[in-house]
Every structure is written in C-alpha cells, then in structure tokens.
Amino acid sequence: MTSHHHRHHAKCSKHFKVLSKVFRDVDLKACGSRENNALVQFLRCEVKHSYASCRPLLASYERCHKSVMGVGTFGKQTECASELKGLQFCVCGQDNDLVN
C-alpha cells in the first residue's frame, strides 16, 4: 500500500506506518499474526475516525477473531479471511493491494 492509494486519517498515521512495513507479508488467513494485527489496527482506526459505515464489518471480524483465537473455530471456519477481506474492502475499496 502506498500513500497515493488510500488516504488515511491523520490519527491513523502510526498504524499506517507499521502496516506499510509489513503489508507484503499479510496473509488474511493468518489470524493473530503480527502482520494481520497491523492490518486490523489500521482498519480499526480508520473505521473509528472515517468509516463508521464499516462498523458492522469490524464487529463481524472481531467476533470471528475472538472465537478463532479462543476455541479455534468460528462456526465451521478456522480463520477469518473473508471477514477481514470484507472489512478491508469496506475501508479501502478498490484502492488497495493488500487483498491476498
């Protein structure tokens, strides 16, 4: 992700900086990985400051993440890639190159 893609909220700059260092290694299926956590922190900040309409998708991802990290599954899923991809798309739209 480069600065000309998604214009991030000023309050999310520190999260964007961390994410920009690891985004090539983001694996949407790697729930709880350092890289995924960097993506989630950035998206959570963006939702809080700029994308309130994405709150339901953030809540859906967080429910999945909590379940997978806690009991190992969310329904029949063992990861939250689809929820994270949906949240990422809501915040970044077509203008992102993080979708794996």
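**Helix packing in a predicted four-helix chain**

In the predicted model, helix H3 passes helix H4 in a left-handed crossing. The two helices, of which H3 spans residues 55–71, pack at an angle of about 155°, and their axes are 9 Å apart. Since angles over 145 degrees count as roughly antiparallel, this value makes H3 roughly antiparallel to H4. On the side of H3, the residues that take part in the contact are Leu57, Leu58, Ser60, Tyr61 and Cys64, and they meet Glu83, Leu84, Gly86, Leu87 and Cys90 in H4. When these residues are sorted by class, the contact of H3 with H4 is found to have seven nonpolar, two polar and one charged residues.

The chain as a whole has four helices and zero strands, and its elements, read from the N terminus on, follow the order α-α-α-α. Of the 100 residues in the chain, 37% are buried. With regard to contacts between residues at least 6 apart in sequence, 58% join residues that are at least 24 apart.

Helix H4, which covers residues 81–92, also packs against helix H2, which covers residues 34–49, and here the angle is about 45°, with the axes 10 Å apart. H2 and H4 are therefore oblique to each other, and their crossing is left-handed. The contact is formed by Asn36, Leu39, Val40, Leu43, Glu46 and Val47 on the H2 side, and by Leu84, Leu87, Gln88, Val91 and Cys92 on the H4 side. By class, the residues of the contact of H2 with H4 comprise eight nonpolar, two polar and one charged. Leu84 and Leu87 of H4 thus appear in the contact with H2 as well as in the contact with H3.

A further packing arrangement joins H1 and H2, whose axes are 9 Å apart and which pack at an angle of about 145°. The crossing of H1 and H2 is, once again, left-handed. In this contact His15, Phe16, Val18, Leu19 and Val22 of H1 meet Arg34, Glu35, Ala38, Leu39, Gln41, Phe42 and Cys45 of H2. The residues of the contact of H1 with H2 divide by class into eight nonpolar, two polar and two charged. Leu39 of H2 is listed both in this contact with H1 and in the contact with H4.

Aromatic rings were also examined, and a pair of such rings is described by the distance of the centres and the angle of the planes. A search of the whole structure finds one aromatic pair. The pair is made by Phe16 and Phe42, whose ring centres are 5.7 Å apart and whose planes stand at 55°, so the pair is tilted. Because Phe16 lies in helix H1 (residues 13–22) and Phe42 lies in helix H2, the pair ties together parts that are 26 residues apart in sequence. Both residues also belong to the contact of H1 with H2 described above. Phe16 is buried, with a relative accessible area of 10%, and Phe42 is buried too, with a relative accessible area of 0%.

Two residues of helix H2 were then considered individually. Glu35, which is found in H2, has a relative accessible area of 17%, and because buried means under 20%, Glu35 is classed as buried. When residues up to four places away in sequence are not counted, Glu35 touches Val22, Asp25 and Val26. One of these, Val22, is also among the residues of H1 that meet H2. The C-alpha atoms of Glu35 and Ser20, which are 15 residues apart along the chain, are separated by 9.9 Å.

His49 is likewise placed in helix H2, but His49 is partly exposed, with a relative accessible area of 29%. Apart from residues up to four places away in sequence, His49 touches His9, Lys11 and Cys12. For Cys12, which is 37 residues from His49 along the chain, the C-alpha atoms of the two residues are separated by 8.3 Å.

Definitions and conventions
Residues numbered from 1 in each chain as written. Predicted model: local features only at pLDDT ≥ 70, side-chain atom pairs only at ≥ 80, totals over all residues. Heavy atoms only, no water. Axes fitted to C-alpha atoms, helices over the stretch in contact; angles between N-to-C directions. Parallel < 35°, antiparallel > 145°, perpendicular 65-115°, else oblique. Left-handed = near helix turned anticlockwise from the far one by under 90°. Contact = heavy atoms within 4.5 Å. Nonpolar A, V, L, I, M, F, W, Y, C, P; charged D, E, K, R; others polar. Phe/Tyr/Trp six-rings, centres within 6.5 Å; stacked < 30°, edge-to-face > 60°. Buried < 20%, exposed > 50% of the residue type's maximum accessible area, 1.4 Å probe, protein only.
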